[in-house]
Amino acid sequence: MSKLMLYMAPGSPPSRSVMMLAEILGLQMECKLVNLIKLEHRTPEFKKLNPLMVVPVLRDGDFVLSDSHAILKYLVSAYGGRHQETLYPSELKARAVVDQRLFFNASVFFRKVVNDVAFPTFLGAIKAPSEEHIANIEETYGVLDEYLQKSRFVAADQLTIADLSLGASATAAQIVHKMDAKRFPHGAEWLSRMEKEPVFQKVNAPGVELLGKLMRKFWREANEA
Ligand SMILES: N[C@@H](CCC(=O)N[C@@H](CS)C(=O)NCC(=O)O)C(=O)O
């Protein structure tokens, strides 16, 4: 096995989903911090690694791969061992549901519940989440809640890589707008279970705390100015 390296930021939910998978699989993966506030992801060197200029990026020997969802699928397929069948089932339809939930995070959930607020916050473009942000988050929580009416975890009755992906986004989303257990009972129950998972507590929670501190600091300073 060649050396694994992850270019990441601890506050970044997509980075944390990959770090959680590496922890579950017991992978030796070096984490290389990319400081997004200092725009280290906009340097020519980083652009060579990922022309989209976002984290995370995985390096596995000479092989370079961006996008957390693609990285999760790659790592579990390459190094999943005894965890592979539960984290990313091989049966066609079960796998298709995991993929659909990953694409839901990639195309809608992460953007609406975290990035649409975090990105303008760090650029100094907003002083707080707007009513439109909150409405979008509520709508997106509603979709997640519907998925969770069908199974105990987001894609199956056991934890899959889709829970790492959506869980990293959902825990960060609580900084912006808490999921109301009365409106989204299935989502809130799943979220509270995810927060108690040892891998979420060890690997995910410190990054959520950091992101929360940072966002609240930016909002406070923008409102004082
Ligand atoms: N679909 C990508 C999204 C990655 C992403 O947006 N990363 C954010 C950090 S959470 C980033 O690097 N943002 C920097 C920027 O947009 O300039 C993935 O899942 O890896």
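This section describes three helix pairs and the largest pocket of a predicted model.

Two packed helices are described by the angle between their axes and by the distance separating those axes. In the pair formed by helix H5 (residues 92-122) and helix H6 (residues 131-147), the packing angle is about 155° and the axes lie 9 Å apart. Because angles over 145 degrees count as roughly antiparallel, H5 is roughly antiparallel to H6. The crossing of H5 with H6 is left-handed. On the H5 side, the contact comprises Gln100, Arg101, Phe104, Val108, Phe109, Lys112, Val113, Asp116 and Val117. H6 contributes His133, Asn136, Ile137, Glu139, Thr140, Tyr141, Val143, Leu144 and Tyr147. Classified by residue type, this contact of H5 with H6 contains 10 nonpolar, 4 polar and 4 charged residues.

Helix H9 (198-224) takes part in the other two pairs described here, with helix H1 (13-25) and with helix H7 (residues 161-176). H1 packs against H9 at an angle of about 160°, with an axis separation of 9 Å. H1 is therefore roughly antiparallel to H9, and the two helices cross in a right-handed sense. From H1, the residues Arg16, Met19, Met20, Glu23 and Ile24 meet Val199, Phe200, Lys202, Val203, Asn204, Gly207, Val208 and Leu211 of H9. The contact of H1 with H9 consists of 8 nonpolar, 2 polar and 3 charged residues.

For H7 and H9, the packing angle is about 35°, and the axes are again 9 Å apart. H7 passes H9 in a right-handed crossing. In this contact, H7 supplies Asp163, Leu164, Gly167, Ala168, Thr171, Ala172, Ile175 and Val176. The residues contributed by H9 are Phe200, Asn204, Val208, Leu211, Gly212, Met215, Arg216 and Trp219. By class, 10 nonpolar, 4 polar and 2 charged residues make up the contact of H7 with H9. Phe200, Asn204, Val208 and Leu211 of H9 thus appear both in the contact with H1 and in the contact with H7.

The largest pocket encloses about 1,000 Å³ of space. Its lining involves 36 residues, of which Ser12, Leu36, Val55, Asn115 and Phe119 are the closest to the pocket centre. H1, helix H3 (68-79), H5 and H9 each provide at least two lining residues. H5 accounts for the largest share of the lining, with 8 residues. By class, the lining of the largest pocket is composed of 24 nonpolar, 9 polar and 3 charged residues.

How values were computed. Residues numbered from 1 in each chain as written. Predicted model: local features only at pLDDT ≥ 70, side-chain atom pairs only at ≥ 80, totals over all residues. Heavy atoms only, no water. Axes fitted to C-alpha atoms, helices over the stretch in contact; angles between N-to-C directions. Helix = DSSP H or I, 4+ residues; strand = E, 2+ residues; numbered from the N terminus. Parallel < 35°, antiparallel > 145°, perpendicular 65-115°, else oblique. Left-handed = near helix turned anticlockwise from the far one by under 90°. Contact = heavy atoms within 4.5 Å. Nonpolar A, V, L, I, M, F, W, Y, C, P; charged D, E, K, R; others polar. 1 Å grid on protein atoms, 1.4 Å probe; cavity = no way out; pocket = protein on both sides within 12 Å on 5 of 7 lines; lining within 4 Å. Points joined across faces, edges and corners; volume = space filled by probe spheres on them.
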